[in-house]
Amino acid sequence: MKLTPFDAPLGAEITGINLADDLTAETIEELNAYWAQYLVLCIRNQNLAPLDFLKAGRIFGDPFEQLYGQFNHPDYPDIGLLTHQDGDTVGSGKRKIRGTSWHTDASYFECPPAGTMLLALEIPKGGGDTDFMSTRAAYEALPSRTKQQISQLKAIHVYESSRSPRKLIKRSQDQVEKFGEQTKHPIVRTHPANGCKSIFLNPIRVESVDGLTRDESNKILDDLHDHLFQPEFHYRHKWNVGDFLIWDNRSILHQANDDYDWRSQRRLLYRIMVKGERPF
């Protein structure tokens, strides 16, 4: 197994390992340590059947239930499908590529998923990349005064914020009742593995800062977003078939790019989320 850090503020590539094998406890511990350190891991050249993908996912945790049943693998509901033909089957019924603005997954849960992983099965000839942002690096770059200002603040996370730059997929009433609507999380989040701090915000889900007026809240959120969106905290992943990629939702924002001709090019990725702790 060989690890090569990306030329970016986050991420590393791993080669020379087959996730379908029975890995030793030492290898599993090493992979989890790399994940906590680099936040995004890309393990190349993986040929995984659905059961192998589920097995690989459990290296990093227990599966977190997929939020939209209409996008689940028909035989393995813990695996979601990301395709070039995704549609909003509860709302408009039109094609709606998920994830096309900065976000972290399912942050309106009391215990959001710690990580998300994708396996690339088919990719377009050009486009369809995924962007990542290190909210850890962004936190570390904040002035001391700002760190102090936000150290005790909590944000209110909802399913779809009124501040969201895009409309989200409509949920059925069963999904609303099952998964809930909102919770509060600290804006400065601590990673349980190493104590590193990150800015824990979600542009599609954070409605406001708890206890502040709307104007005060918007000012803090807008200033932090302007800071986060600076390119020096970003990495763009260009997919290859066989890429197994996992990111840390506690310290990463990500977004998909809908910049390819979906009528003539196919895109298919498997997706698993793993359970996490309550943010602190």
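Q: In this predicted model, which residue of β15 does Phe 132 stand opposite?
A: Strands β7 and β15 run antiparallel and are joined by 5 bridges. Phe 132 belongs to the buried residues of β7. The residue of β15 that stands opposite Phe 132 is His 254.

Q: In what order do the 3 strands of the open sheet lie?
A: The edge strands, each pairing on one side only, are β13 (234-237) and β15 (252-256). Strand β7 (residues 130-134) pairs with β13 over 4 bridges in the antiparallel sense, and 5 bridges join β7 to β15. The order is therefore β13-β7-β15.

Q: By what angle are neighbouring strands of this sheet turned against each other on average?
A: The sheet is open and its pairing is antiparallel. With direction ignored, the average turn between neighbouring strands is 20°.

Q: Which residue of β13 is the bridge partner of Thr 130?
A: The pairing of β7 with β13 is antiparallel. Met 133 has His 234 as its bridge partner in β13. For Thr 130, the bridge partner in β13 is His 237.

Q: How many of the 5 residues of β7 are buried?
A: In a regular strand the side chains alternate between the two faces of the sheet. On one side of β7 lie Thr 130, Phe 132 and Ser 134, and on the other Asp 131 and Met 133, all of them buried. The strand is largely enclosed by the rest of the structure because the buried count is 5 of the 5.

Q: Is Gln 255 buried or exposed?
A: Gln 255 is placed in strand β15. Beyond residues up to four places away in sequence, Gln 255 touches several others, including Thr 130 and Asp 131. A residue counts as buried under 20% relative accessible area. Gln 255 has 14%, so the answer is buried.

Q: Which residue has its backbone nitrogen 3.4 Å from a polar atom of the Gln 255 side chain?
A: The residues that Gln 255 touches include Gly 99, Thr 100, Ser 101, Trp 102 and His 103. The backbone nitrogen that lies 3.4 Å from a polar atom of the Gln 255 side chain is that of Trp 102.

Q: Which side chain is joined to that of His 157 by a polar contact of 2.8 Å?
A: His 157 lies in strand β8 (residues 154-158) and counts as buried, because its relative accessibility is 0%. Outside its neighbours within four places in sequence, its contacts include Tyr 108, Glu 181, His 185 and Arg 205. The polar contact of 2.8 Å is made with the side chain of Ser 107.

Q: How far apart in space are His 157 and Ser 208, C-alpha to C-alpha?
A: The two residues are 51 residues apart in sequence. Their C-alpha to C-alpha distance is 7.8 Å.

Q: What span should the 14 residues of helix α1 have?
A: Helix α1 covers residues 25-38, and its end C-alpha atoms are 20 Å apart. Just after α1, Leu 39 takes a positive phi of about 75°. At 1.5 Å a residue, the span should be 20 Å, so the model agrees with the expected 20 Å.

Q: What radius of gyration does the protein have?
A: The protein comprises 6 helices and 16 strands, and 55% of its 280 residues count as buried. Its C-alpha trace spans about 50 × 45 × 35 Å along the principal axes. A compact globule with 280 residues would have a radius near 19 Å, which agrees with the value for the protein, 18 Å.

Conventions
Residues numbered from 1 in each chain as written. Predicted model: local features only at pLDDT ≥ 70, side-chain atom pairs only at ≥ 80, totals over all residues. Heavy atoms only, no water. Pairing = 2+ DSSP bridges. Helix = DSSP H or I, 4+ residues; strand = E, 2+ residues; numbered from the N terminus. Axes fitted to C-alpha atoms, helices over the stretch in contact; angles between N-to-C directions. Buried < 20%, exposed > 50% of the residue type's maximum accessible area, 1.4 Å probe, protein only. Contact = heavy atoms within 4.5 Å. Polar contact = N/O pair within 3.5 Å; in protein donor to acceptor, adjacent residues only side chain to side chain. Expected span 1.5 Å × (residues − 1). Rg over C-alpha atoms; globule rule 2.2 N^0.38 Å.
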